[in-house]
Amino acid sequence: MFRAGDTVLIVACEDDPRAVGKTGRVLDEVPPGPLTNGRWTVDRISIWIAPVLVHAHEIRKVGS
């Protein structure tokens, strides 16, 4: 389970493959629902990459 503000490593990303291998922060305050098809919103990846939607299996929490 992820929380808003968690730093995550993107290990796969159907939404934007350029995000793979980069870190970002989870934006969602609550677990994702049907509006995002169960995907988490990750932001602060890069100045060139907009926020992406990823499934839980596509990201790994880093740090504490």
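Reader: Hello! Which residue's side chain meets that of Asp6 in a salt bridge?

Author: Welcome! This is a predicted model, in which local features need pLDDT of at least 70, side-chain atom pairs count only at pLDDT 80 or more, and totals for chains, interfaces and linings use all residues. Residues are numbered from 1 along each chain as its sequence is written, while side-chain values use heavy atoms and leave out hydrogens and water. With a salt bridge taken as a side-chain nitrogen of Lys or Arg within 4 Å of a carboxyl oxygen of Asp or Glu, the partner of Asp6, at 3.4 Å from N to O, is Lys61.

Reader: How many residues apart are Asp6 and Lys61?

Author: Asp6 is in the segment before S1, and Lys61 is in strand S5; strands are DSSP runs (E, at least two residues), numbered from the N terminus, as are helices (H or I, at least four). The pair therefore links distant parts of the chain, with Asp6 buried at a relative accessible area of 13% and Lys61 partly exposed at 42%. Here buried means under 20% relative accessible area, exposed over 50% and partly exposed in between (1.4 Å probe, protein chains only). Along the chain, the separation of Asp6 and Lys61 is 55 residues.

Reader: What is the N to O distance in the salt bridge of Asp16 and Arg18?

Author: By the same cut-off, the count comes to 2 salt bridges. Asp16 is buried at 13% relative accessibility, whereas Arg18 is partly exposed at 48%. Their side chains meet with an N to O distance of 2.8 Å.

Reader: Glu58 is buried, yet has no salt bridge; how far away is the nearest side chain of opposite charge?

Author: Glu58 sits in the loop between S4 and strand S5 (59–61). Its side chain reaches the backbone nitrogen of His55 at 2.8 Å, but His is not counted as charged, since Lys and Arg count as positive, Asp and Glu as negative, and the chain ends are left out too. The nearest side chain of opposite charge is that of Arg39, and its distance is 6.8 Å.

Reader: In which strand does Val42 have its opposite residue, Val52?

Author: Val42 lies in strand S3 and is buried, at 0% relative accessibility. Two strands pair if DSSP finds at least two bridges between them, and S3 pairs in the antiparallel sense over 3 bridges with its partner S4. Val52 stands opposite Val42 in S4.

Reader: Which residue of S3 is the bridge partner of Arg25?

Author: S1 and strand S2 (residues 23–26) pair in the antiparallel sense over 3 bridges, with Leu9 opposite Thr23. S2 and S3 also run antiparallel, joined by 2 bridges. In S3, the bridge partner of Arg25 is Asp43.

Reader: How many residues does the largest nonpolar core have?

Author: Such a core is a set of buried Ala, Val, Leu, Ile, Met, Phe, Trp, Tyr and Cys residues joined through side-chain atoms within 4.5 Å. Ile10, Val42, Ile45, Val52, Val54 and Ile59 have the most contacts inside the largest core, and the elements giving two or more residues to this core are strands S1 (7–10), S3 (40–43) and S4 (52–54). Contact means heavy atoms within 4.5 Å; beyond four places in sequence, the contacts of Ile10 include Val42, Ile45, Val52 and Ile59. The residue count of the largest core is 13.

Definitions and conventions: Polar contact = N/O pair within 3.5 Å; in protein donor to acceptor, adjacent residues only side chain to side chain.
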